[in-house]
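User: I'd like to go through this one and check what the labels rest on. Can you walk me through it?

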Amino acid sequence: MARRKLSGALGVKYGFSLRERYMQVLKKRRAIYNCPRCGTGFLKRISVGVWSCRKCEYTFAGGAYEPFTKVGEAAARAAGVKSGQ
Ligand SMILES: [Zn+2]
């Protein structure tokens, strides 16, 4: 246990494919996203699916681990809302 990698949180448990998915989620959570309204602020994850801009305090609901999801885009299109506005 001299070296701890990011995947060390799960150790050797749960099998490879699940750890791989867990890593993808962690990467998404650590990534920096720009605000869709002001474009310059950074998004902060307040809670599961709730994101807020640090600059203009624009708060909106998004994906659990990333602010924009494929499902969300489809829903926005269906609702007639252009993303990024
Ligand atoms: Zn903003």
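Analyst: Sure. Two strands count as paired if DSSP finds at least two bridges between them. Keep in mind that this is a predicted model.

User: What makes β2 and β3 a pair?

Analyst: Strand β2, residues 50-53, and β3 share 3 bridges in the antiparallel sense. The cut-off is at least two bridges, so the pair qualifies. Within it, V50 stands opposite A61 in β3.

User: Why are β1 and β3 called edge strands?

Analyst: The sheet is open, with 3 strands in the order β1-β2-β3 and antiparallel pairing. β1 (43-47) and β3 (59-61) each pair on one side only, and that's what the label refers to. Neighbouring strands here are turned by 30 degrees against each other on average, ignoring direction.

User: Where does the sheet sit along the chain, α-β-β-β-α?

Analyst: Reading from the N terminus, a helix comes before the three strands and another helix after them. That's 2 helices and 3 strands in the protein chain.

User: How do you know that α2 is hardly covered?

Analyst: A residue needs 20 or more other C-beta atoms within 10 Å of its own to be buried. Among the 9 residues of α2 (70-78), the buried count is 0, so none of them reaches that cut-off. After α2 comes G80, with a positive phi near 80 degrees.

User: And how much of the protein chain is buried?

Analyst: Buried residues make up 6% of its 85 residues. As for contacts with a separation of 6 or more, 13% are between residues 24 or more positions apart.

Definitions and conventions: Residues are numbered from 1 along each chain as its sequence is written. This is a predicted model: local features need pLDDT of at least 70, side-chain atom pairs count only at pLDDT 80 or more; totals for chains, interfaces and linings use all residues. Helices (H or I, at least four residues) and strands (E, at least two) are DSSP runs, numbered from the N terminus. Axes are lines fitted to C-alpha atoms, for helices over the stretch in contact, and angles run from 0 to 180 degrees between N-to-C directions. A residue is buried if 20 or more other C-beta atoms lie within 10 Å of its own, exposed if 12 or fewer, and partly exposed in between; C-beta atoms are placed from the backbone. Two residues are in contact if their C-beta atoms, placed from the backbone, lie within 7 Å.
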